[in-house]
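Open the model in your viewer and keep the selection tool ready. We will make a few stops.

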Amino acid sequence: CFEGIAMAPPDPILGVSEAFRADTDAKKLNLGVGAYRTEELQPYVLDVVNKVSKLYLSNWYIAERLMLERSENKEYLPIEGLAAFNKVTAELLFGADNPVINQQRVATVQGLSGTGSLRLAAALIERYFPGAQVMISSPTWGNHKNIFNDARVPWSEYRYYDPKTVGLDFEGMISDIKAAPDGSFIVLHGCAHNPTGIDPTPEQWEKIADVIQEKNHIPFFDVAYQGFASGSLDEDASSVRLFAARGMELLVAQSYSKNLGLYAERIGAINVVCSSADAAARVKSQLKRIARPMYSNPPVHGARIVANVVGDPALFNEWKAEMEMMAGRIKNVRQKLFDSLSAKDKSGKDWSFILKQIGMFSFTGLNKTQSDNMTNKWHVYMTKDGRISLAGLSLAKCEYLADAIMDSYHN
Ligand code: PLP
Ligand code: TYF
């Protein structure tokens, strides 16, 4: 009975890593998936995570003793997740003194990282806002479409990227959000837009909030890079806080994959800001009802790591320093790539858009044929939309990458 099932296509991002692994050339470079690497291009476990995880992982009897001291065991978590995690995650996002927190207007439920949290929110939309339109940016992280498709939530796109300037099509964005039916859900990347690396300016965020408010739309933030974009947790949350300060209802999915390097732990949350504490309690009860038949309750390990890092002032400061270090390394690589491209390109092309982009990714403006040349001739693995992950690049490889881009771009 399974004979009739066709082969599914590979994921356009994760599939790039498979192709990379199969390449035997020593020069190969994986700029496909957005995952942080060191200057030596090795995966990085944050020191703070090592410190906290060692309580559970390293030495069996020390771990056992510490867990007993902390009364930590492997019992099921409640459906909504670890209370200490849910508290700190909402506070990190909004700021501990934010009125939405003090007034208990946020329904926070631990999710299976950013993806699982988005999926819970999509199910909430499907159940309680039947027929509502979700608007996503063109382009966006490819999984957004899969998530809304599988949740049977209709979506359409608003203009975002302008290929002429390799910048933001702000007029297009505003007019498409205006044209959406009243009460649509507008998916916004809180910071470090994936895949373009292009974020609105603070003034543009205000105008976006104006239009969303005028139209009674509901902002739906995807925050996968808090602290990782600018190096500051507060600065990267400023878009979300701007909307919350206007008293708007909104949704925010959070992920700790990138900023704490907890990719495989699947730790994140969905936060729904409501207009009253009473509504927040009801929304939370419904989110739990959605989670229950999907996966029953979330895993505990990542939640404990986040709660312990944020709950300990020394570890929290250490985390912030490590995030700044990671964000700083990416900024240095960005600068070096720009310098190398500008020095090599005799055509007078302006590459400064690379410096204006923020976060892990850079949209190079390379088309599919050019991206294919990058991979086939230069062994540089990247997604076909022209995105490169600067987190997978070292200073030492910038010259090589610039040569590859020059060859692909001008030939
Ligand atoms: N949303 C965006 C825009 C992303 O780039 C990612 C990937 O990092 C995610 C959500 C969710 O990733 P995860 O499920 O690993 O938290
Ligand atoms: O865009 C990226 O590269 C990251 C990682 O299905 C990722 O967000 C990519 C694809 C995917 C899950 C995570």
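Start with ligand 2. By class, the shell around ligand 2 holds four nonpolar residues, three polar ones and one charged one. This model is predicted, so treat it as such.

Now select the shell residue by residue. Around ligand 2 you will find Asp11, Ile13, Leu14, Val33, Gly34, Trp141, Asn143 and Asn194. Next, colour the domains. Domain 1 (14-45 + 325-410) and domain 2 (76-311) each supply at least three residues to the shell around ligand 2.

Move on to ligand 1. Its shell has 14 residues, and Ser113, Gly114, Thr115, Ser255 and Ser257 come nearest to ligand 1. Which helix gives the most to this shell? Select residues 113-128: helix H6 does, with three residues. Now colour the shell around ligand 1 by class. Nine of its residues are polar, three are nonpolar and two are charged.

Last stop: helix H17, residues 398-410. Pick the C-alpha atoms at its two ends; they lie 18 Å apart. Why does that agree with expectation? The helix has 13 residues, and at 1.5 Å a residue they should span 18 Å.

Stay on H17 and select Cys398, Leu401, Ala402, Ala404, Ile405 and Ser408. These residues of H17 are buried. They cover an arc of only 160 degrees around the axis, so they sit on the same side of H17. What do the buried residues of H17 pack against? Show strand E1 (29-30), helix H14 (313-344), helix H16 (368-378) and strand E12 (380-381): those are the partners.

How values were computed: Residues numbered from 1 in each chain as written. Chains lettered and ligands numbered in written order. Predicted model: local features only at pLDDT ≥ 70, side-chain atom pairs only at ≥ 80, totals over all residues. Near = placed C-beta within 6 Å. Helix = DSSP H or I, 4+ residues; strand = E, 2+ residues; numbered from the N terminus. Nonpolar A, V, L, I, M, F, W, Y, C, P; charged D, E, K, R; others polar. Expected span 1.5 Å × (residues − 1). Buried ≥ 20, exposed ≤ 12 C-beta atoms within 10 Å, placed from the backbone. Arc of directions from axis to C-beta. Contact = placed C-beta atoms within 7 Å. Domains from an automatic or database assignment.
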